[in-house]
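These are my notebook entries on a single structure. I record below what I looked up, topic by topic.

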Amino acid sequence: MMIISHSPDIDAAGTGMKHSEIRRQRILKLFRARELLTAALLALSLLVTYKLWDTAQRAADQTVETAFNFGVQESNERIRQRIAIYEQVLRATVGFFSAAEEVTRGEFRAYVNALSLPENFPGIQGIGFAQVIPAADLDRHVAAVRADGFPEYTVTPEGPRDMYTSIVYLEPFSGRNLRAFGFDMYSEPNRRQAMSEARDEGRPALSGKVILVQEGGGAIQWGFLMYLPVYRNDKPHSTLDERRRNLVGWVYAPFRAEDFMRGIGESNTDLDVEIYDGTDITSAGLMYDAHENIRAAGLPMHSKNALVVADRTWTVVHGALPAFDERMRSDRPQLILQAGVSISLMIALLTWLFLDDRARALQAADQALQLALYDALTGLPNRKLLDERVGQALAKARRSQGSIALLFIDLDRFKPVNDNFGHAYGDLLLKDVALRLQGCMRESDTASRLGGDEFVALLTDIDGEAAARKVADKILQRLTAPYEVAGHTFHISASIGAALYPQHGSDGKTLVRSADLAMYEAKNAGRATVRFAPPVSSSGGGPAAAG
């Protein structure tokens, strides 16, 4: 039989000519159809522009929402902290009463003046003391205060009742505070409820929404009061009966809602803030409204939070005004849209003029190849590039009789992040994981993302299992630390499966399978742990069964 062999050079030349002809025909077709291709490319470019614009728009929305949530949290925290500070002021005042057998008007004035309320505690109208007056002692009490230099003093409102109280001290004792002198707060149901709670439980209590007796004339504001009981120094007050029997009075602080909010620095003009007394959003409970002609709950971006202050619940509603959106929103989406349209038109024009430029096509192909080798989200090498590097590392290890390690890393408790917070948070978390993983690697090593929440670490020139375990433990420790993502704290962990060449596989496929099985063993062992693959069986078919 005659065997006819073909010359490799002839075959190669024929193949090259055939490919060249195919390319020429393809270019001719492109020239013939350049109108269609240019239009298609323009449409595709505009579509990409739209996608980029949409992504940037959603990112801008997220930025505005994050800024709004931060502003709401900051506003609520200022309210909580300021109420807590005022509570401490009243506790200090109770301590002042407890340190003396009797506190005179002059001593009380000196004490309050030393506090420098306007400078140190803006928003508070004053600090006062309301004294308990048994009905039988009312006339004697009025006579004593009148003899003290207040000839027109009386307890108001007048009328018989079992027990009276009277505001006998209130500093600063000037201006609108003079209207409260002698007022029996216990006679008014709203105030009485808070005073009774403070007396019976021995703790600070806030009243509901009230109009302070200090109000008069124009610019009336809603207000509230904070009370703290004062008991007799030499008497017990451990039980309810003892607290009621040995009550001397209350130290208290009146607040005008608008002055209170100005005092805590709540002057953000592009956020509408409303405070309601109680849990219901009703006009009857509205105590403060930064913009009376706007309902915060009706704005596109708003939040509703329940604040517990001095054991009383306030409902705080925040709304983002248009000025807030304008101030916080980035103009990046508009820039992307404008630039994208311009670039799309330019690309279409260049395509029309240079469609026959093979170099440009080769450059685009090279760029596409680069995109095909790296993960779009994290920038880490993808599975394809990882396979190439594993093959290179194995070849080098065989030549030098060295060792490499392959770590399969699967995140634990990652799915609830996507389910509960959305993929935007999940993507940010994956980027953080990628950065931490890269921080644990040498320049000669490779960190790769296979997809989803699966990562791989390729360790070259590794000095045995102990060194690989040290790196794996370091990675596990870094990945288990808390993550701060867009104002939220996430706690995840990782299950790591490790395989070494040549102990656990002599080729890339076996090594990958061994590391993957070890990773699942780590998950089955309770997660957040590292497991090494068992040595491969003598037949070389895969890992031996663990004993």
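Entry 1, charges over rings. Over the ring of which residue does the charged end of Arg 192 sit? I found that ring to be the one of Tyr 186, with its centre 5.9 Å from the charged end of Arg 192. I note here that the model is a predicted one. I then looked up Lys 209, whose charged end sits over the ring of Trp 222, 3.9 Å from the ring centre.

Entry 2, aromatic pairs. My search of the whole structure returned 24 aromatic pairs. I examined Phe 150 and Phe 173, which form an edge-to-face pair with 5.9 Å from centre to centre and 85° between the planes. This pair links distant parts of the chain, 23 residues apart: Phe 150 lies in the loop between H5 and S2, and Phe 173 in the loop between S2 and helix H6 (189-201). I also recorded that Phe 173 pairs with Phe 181, again edge-to-face, at 5.1 Å between centres and 75° between planes.

Entry 3, accessibility of these rings. I asked which of the three residues count as buried. Phe 150 has 19% relative accessibility and therefore counts as buried, the limit being under 20%. Phe 181 is likewise buried, with a relative accessible area of 17%. Phe 173, at 22%, counts as partly exposed.

Entry 4, a ring cluster. I traced the ring pairs that link Phe 96, Phe 97, Phe 108, Tyr 111, Phe 129 and Tyr 169 into a cluster.

Entry 5, the largest pocket. I noted a space of about 870 Å³ in the largest pocket. Its lining comprises 31 residues, and those closest to the pocket centre are Glu 102, Phe 129, Gln 131, Val 132 and Val 248. Phe 129 thus appears in my notes both here and in the ring cluster. The elements giving two or more residues to the lining are strands S1 (127-134), S2 (163-171), S4 (223-231) and S5 (247-256), together with helices H5 (138-147) and H7 (240-245). S1 gives the most, with five residues. By residue class, I recorded 16 nonpolar, four polar and 11 charged residues in the lining.

Entry 6, Leu 353. I located Leu 353 in helix H10 (residues 332-354). Its relative accessibility is 49%, so I list Leu 353 as partly exposed, since exposed requires over 50%. Finally, I compared its place with that of Arg 34: the two are 319 residues apart in sequence, while their C-alpha atoms are 9.6 Å apart in space.

Methods:
Residues are numbered from 1 along each chain as its sequence is written. This is a predicted model: local features need pLDDT of at least 70, side-chain atom pairs count only at pLDDT 80 or more; totals for chains, interfaces and linings use all residues. Side-chain values use heavy atoms; hydrogens and water are left out. Helices (H or I, at least four residues) and strands (E, at least two) are DSSP runs, numbered from the N terminus. Buried means under 20% relative accessible area, exposed over 50%, partly exposed in between (1.4 Å probe, protein chains only). On a 1 Å grid over the protein atoms alone, a cavity is a set of points where a 1.4 Å probe fits but cannot get out, and a pocket is an open set with protein on both sides within 12 Å along at least five of seven lines; lining residues have an atom within 4 Å of a point. Grid points are joined across faces, edges and corners, and a volume is the space filled by probe spheres set on the points. Ala, Val, Leu, Ile, Met, Phe, Trp, Tyr, Cys and Pro count as nonpolar, Asp, Glu, Lys and Arg as charged, and the others, Gly among them, as polar. Rings of Phe, Tyr and Trp (its six-membered ring) pair if their centres lie within 6.5 Å; planes under 30 degrees apart count as stacked, over 60 as edge-to-face and the rest as tilted. A charge sits over a ring if NZ of Lys or CZ of Arg is within 6 Å of the ring centre and within 35 degrees of the ring normal.
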